[in-house]
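Me: Got a minute to go through this one with me? I'd like to start with a single helix and work outwards.

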Amino acid sequence: MGFLKKIFGGGNSIDGLRKAVAQQRYVDARYLAEQLSGQVLEPDEAAEVEELRMAAGDGLARLNLDEALGLQSSGDFSRAMEHLQLAQEQVCSSGLREDIEQAISAKPLEPEIDAAEPDRATSCAACATPSTRVIADEDAWFGDAESQLELVLASYPAALAPRYGSKGEAFKDAFLLSHAGQDDQALPLWLQVDVADQDDLYWFELGALYARKGELTQARSMLESALEQNPELLLAIEALVPVLVATGDYSLAEDRLQKFLQHGIDSSFCYAQLTHLYVQQQQLPVAADYARKALDAGNADTRFMLLAASVLEQVGALADAEKVLKMLPTSGCRGGVSLPLAEFWLRHNRELSHILDTFNAACREEPDNPRWQFRVAQTYLARNWVKDGLKLLRKVVDDPRLEADLTVEAKKLLEKYHG
């Protein structure tokens, strides 16, 4: 049930991080990025988290720089220096760093000490000090229930936050324990929640908990209860469909999704789930049609885009698959090419000089991941640099860190060249 845990996990999601950056909630975004960076992520996910972390840092730095420039123009150099120092700590991009350093070089900058001056630390949302809503360390975060609630809800639809905030203490305590990964401790608390708080959100949270535990019958019943009370609760819809798929109830899952579509409920999600549904049933042409509809509806989730590209490639729609892969985010010194796109080009013997740079950059960025050394070896061989390719291939084929499917692929390639 590992995939269910991934779906029904806590509030620290990449989607929540994306939303936080898009909504310019840079403080929340930096915290979420730090939490996600401590989790096991796919290479493309880790790259996206790093890019969003940098965007959040630059966002905060820009806010502090703008505040500092305003203070400098009004002659308040003491407060300007405080903001510039914070901007220096937060900035990630070199261009913005130069702007900050230029502002620091302006005179005068020495703070004028005024013992009667009130503490201004809480006056600016851009300041990442312990006096603001940013919590300086993990212990402090866990010691403040309201801050915990706010951070968890950062990945929830904004319209639901007030409803969660108005819940009783028992609901909130159970909610926070669940999102801290302590479902066993949370469950007794959930069962003690006041009847007045046992609404659609309650049944959704309890159903998601049972889904994480792999108790799918219970999960399904409770998620159905949530939807009976609120047929348009997208959280419950998103939770129920994977449970139905996991129990093999494909026809019911499709029926649910089609009804949601008829009611105009999040077509990008519904079409993406229908794609998953038909992939599970190995009906790839139908899955490809739904993948196109999900993309047309604006689904830009990286994990789904990778699935869509794979399905499109498998049904022979290579131009469509390439178009999707070109939309994926990139990071590092890879010349604007994502690794999934580079691997696609390698499979089709295209852009070999370009992808060699990409794979070499990946080797430098992830020296402990033999996948990219293997891809370099394959590219050498594709360019007919047989001696160098075989040398590297022999080195990597017995590396225990190489994924099992790639090990099989590497051995077959060696056999091909040794006849």
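**Helix by helix**

Reply: Sure: α14 is largely enclosed by the rest of the structure, because 10 of its 13 residues are buried (under 20% relative accessible area with a 1.4 Å probe, protein chains only; over 50% is exposed and in between is partly exposed). Helices here are DSSP runs of H or I with at least four residues, strands are runs of E with at least two, and both are numbered from the N terminus.

Me: Before we go on, what sort of model is this, and how are residues numbered?

Reply: It's a predicted model, where local features need pLDDT of at least 70 and side-chain atom pairs count only at pLDDT 80 or more, while totals for chains, interfaces and linings use all residues. Residues are numbered from 1 along each chain as its sequence is written, and side-chain values use heavy atoms, with hydrogens and water left out.

Me: OK, which residues of α14 are buried?

Reply: Leu235, Ala236, Ile237, Ala239, Leu240, Val241, Pro242, Val243, Leu244 and Val245.

Me: And how far does α14 reach from its first C-alpha to its last?

Reply: α14 covers residues 234–246 and reaches 19 Å, close to the 18 Å expected at 1.5 Å a residue (the expected span is 1.5 Å times one less than the number of residues). It is followed by Gly248, which has a positive phi near 80°.

Me: At what angle do α14 and α16 cross?

Reply: Roughly 5°, and the axes of α14 and α16 (residues 267–280) come within 11 Å. Axes are lines fitted to C-alpha atoms, for helices over the stretch in contact, and angles run from 0 to 180 degrees between N-to-C directions. α14 and α16 are therefore roughly parallel to each other (under 35 degrees is roughly parallel, over 145 roughly antiparallel, 65 to 115 roughly perpendicular and the rest oblique).

Me: Which residues meet there?

Reply: From α14 it's Leu234, Ile237, Glu238, Val241, Pro242 and Val245, and from α16 it's Phe269, Gln273, Leu277 and Gln280 (contact means heavy atoms within 4.5 Å). By class, the contact of α14 with α16 has seven nonpolar, two polar and one charged residues. Ala, Val, Leu, Ile, Met, Phe, Trp, Tyr, Cys and Pro count as nonpolar, Asp, Glu, Lys and Arg as charged, and the others, Gly among them, as polar.

Me: Switching topic: where is Asp266, and what's its phi?

Reply: Asp266 is in the loop between α15 (250–262) and α16. Its phi is positive, about 40°, although Asp266 is not a glycine. Asp266 counts as partly exposed because its relative accessibility is 28%.

Me: And Glu351, where does that lie?

Reply: In the loop between α20 (339–347) and α21. Glu351 also has a positive phi, near 50°, in a residue other than glycine.

Me: Then how do α21 and α22 pack?

Reply: α21 (residues 352–365) and α22 (residues 370–382) pack at about 155°, with axes 9 Å apart. That makes α21 roughly antiparallel to α22. Among the residues of α21 in this contact are Leu356 and Phe359, and those of α22 include Trp372 and Tyr380.

Me: Last one: is Ala294 buried or exposed?

Reply: Buried, at a relative accessible area of 0%. Ala294 sits in α17 (residues 284–296). Ala294 and Ala272 are 22 residues apart in sequence and 5.3 Å apart in space, C-alpha to C-alpha.
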